[in-house]
Amino acid sequence: MKIAISGKGGVGKTLLASLLAKTFAESGYSVLAIDADPDSNLAATLGFPDSDKITPISEMKELVEERTGARPGRAESFFKLNPKVDDLPEKYSLKHNGIRLMAMGRVKKGGTGCYCPENALLQALVTHLLLARDEVVILDMEAGIEHLGRATAKAVDKLIVVVEPGRRSVETAYKIDKLAKDIGLHNLAIVGNKLRNPLEREFLISNLPGFEFLGFIPYDQALVDADLANLPLLNSSQQIINEVKNIYQALLPIAQTPNPRN
Ligand SMILES: Nc1ncnc2c1ncn2[C@@H]1O[C@H](COP(=O)(O)OP(=O)(O)OP(=O)(O)O)[C@@H](O)[C@H]1O
Ligand SMILES: [Mg+2]
């Protein structure tokens, strides 16, 4: 099962990615968590030791050069568009509490036609992870879906857009839905997060008509307190853990259905 998570900044993407990874791993699935957000803290949230010392793939200049034939930063050079990547998950993933993690780093953005060796390597790697790997893959992304393309769209079983009660995060959900449809990705679902009361839930439902809702996660001050006290976030709120278990249950039928592309 391949799950990608997107949404406006700060809505709770990394928290959901981490708790889903933990839930799948505890249920016996082999889980690969991919940190595809350049400013991300997925490793830290998952409790990886020395998470601040992890070098993302896009910053491994030697590796980028070895695989693509071009040094990052030299836009004019030629490079391979299909670099070898199938050995990278074994070499560059870390394991902790039964979860494997890979940090991708920044996808360079720019006008159309902006293409550089780091992006070629990341695209090839994400495509490989989504198409060829037989495990639960959870992609923690930024507000867009830059790591996905037409080739990978079919492999994503669910693009989860996290929203909080607020117009901006709802607008971002519409933008992501449009980007997703542009690449042929139609399996999008919403998770509402940081809900304080039923009115906020109603706000999300009425402002996102026609969208599938996978679940609603309550706002829990315990999480904020844990964050301030620099305590592990993942175990700090039982009600959030329970709701993510419901979301996991809602996703399970996809994992158990044989994938038609295989
Ligand atoms: N349900 C919740 N209740 C209380 N606090 C929450 C909840 N969900 C997330 N938070 C807090 O909100 C902050 C942002 O969460 P998180 O880092 O998961 O969001 P994000 O979407 O990944 O952010 P970014 O866009 O910066 O990557 C964190 O401090 C997190 O602890
Ligand atoms: Mg994040």
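**Ligand 1 and the largest pocket in a predicted model**

Q: In this predicted model, how far does a backbone N or O atom of G10 lie from an oxygen atom of ligand 1?
A: G10 is among the closest of the residues that surround ligand 1. The contact pairs a backbone N or O atom of G10 with an oxygen atom of the ligand. The distance between these two atoms is 2.9 Å.

Q: Which residue has a polar backbone atom 3.2 Å from an oxygen atom of ligand 1?
A: Polar backbone atoms approach ligand oxygen atoms at several residues, including L15, where the distance is 2.9 Å. For the value of 3.2 Å, the residue is V11.

Q: How much of the accessible area of ligand 1 does the protein cover?
A: On its own, ligand 1 has 630 Å² of accessible area. The share of this area covered by the protein is 80%.

Q: How many residues surround ligand 1?
A: By class, the shell comprises eight nonpolar, five polar and six charged residues. The closest are G10, K13, T14, N193 and P218. The number of residues surrounding the ligand is 19.

Q: Which helices and strands each supply at least two residues of the shell around ligand 1?
A: One of the contributors is the strand β7, at 188–195. Two helices also qualify, spanning 13–26 and 221–228. The elements are therefore, with helices and strands taken as DSSP runs, α1, β7 and α9.

Q: What is the volume of the largest pocket?
A: The largest pocket is the space taken by ligand 1. Its lining consists of 38 residues, and T14, L15, N41, T45 and L233 lie nearest its centre. The volume of this pocket is about 920 Å³.

Q: Which element gives the largest share of the lining of the largest pocket?
A: The elements that each supply at least two lining residues are α1, α2 (42–45), β7 and α9. The lining as a whole divides into 17 nonpolar, 13 polar and eight charged residues. The largest share, six residues, comes from α1.

Q: At the start of α9, to which residue's backbone nitrogen does a side-chain oxygen of D220 reach?
A: The helix α9 supplies residues both to the shell around ligand 1 and to the lining of the largest pocket. At the other end, α9 is followed by N230, whose phi is positive, near 55 degrees. At the start, the side-chain oxygen of D220 comes within 2.8 Å of the backbone nitrogen of A222.

Conventions: Residues numbered from 1 in each chain as written. Chains lettered and ligands numbered in written order. Predicted model: local features only at pLDDT ≥ 70, side-chain atom pairs only at ≥ 80, totals over all residues. Heavy atoms only, no water. Near = heavy atom within 4 Å. Polar contact = N/O pair within 3.5 Å; in protein donor to acceptor, adjacent residues only side chain to side chain. Areas by Shrake-Rupley, 256 points an atom, 1.4 Å probe, with all protein chains shown as cover. 1 Å grid on protein atoms, 1.4 Å probe; cavity = no way out; pocket = protein on both sides within 12 Å on 5 of 7 lines; lining within 4 Å. Sits in = over half its atoms within 2 Å of the grid points. Helix = DSSP H or I, 4+ residues; strand = E, 2+ residues; numbered from the N terminus. Nonpolar A, V, L, I, M, F, W, Y, C, P; charged D, E, K, R; others polar. Points joined across faces, edges and corners; volume = space filled by probe spheres on them.
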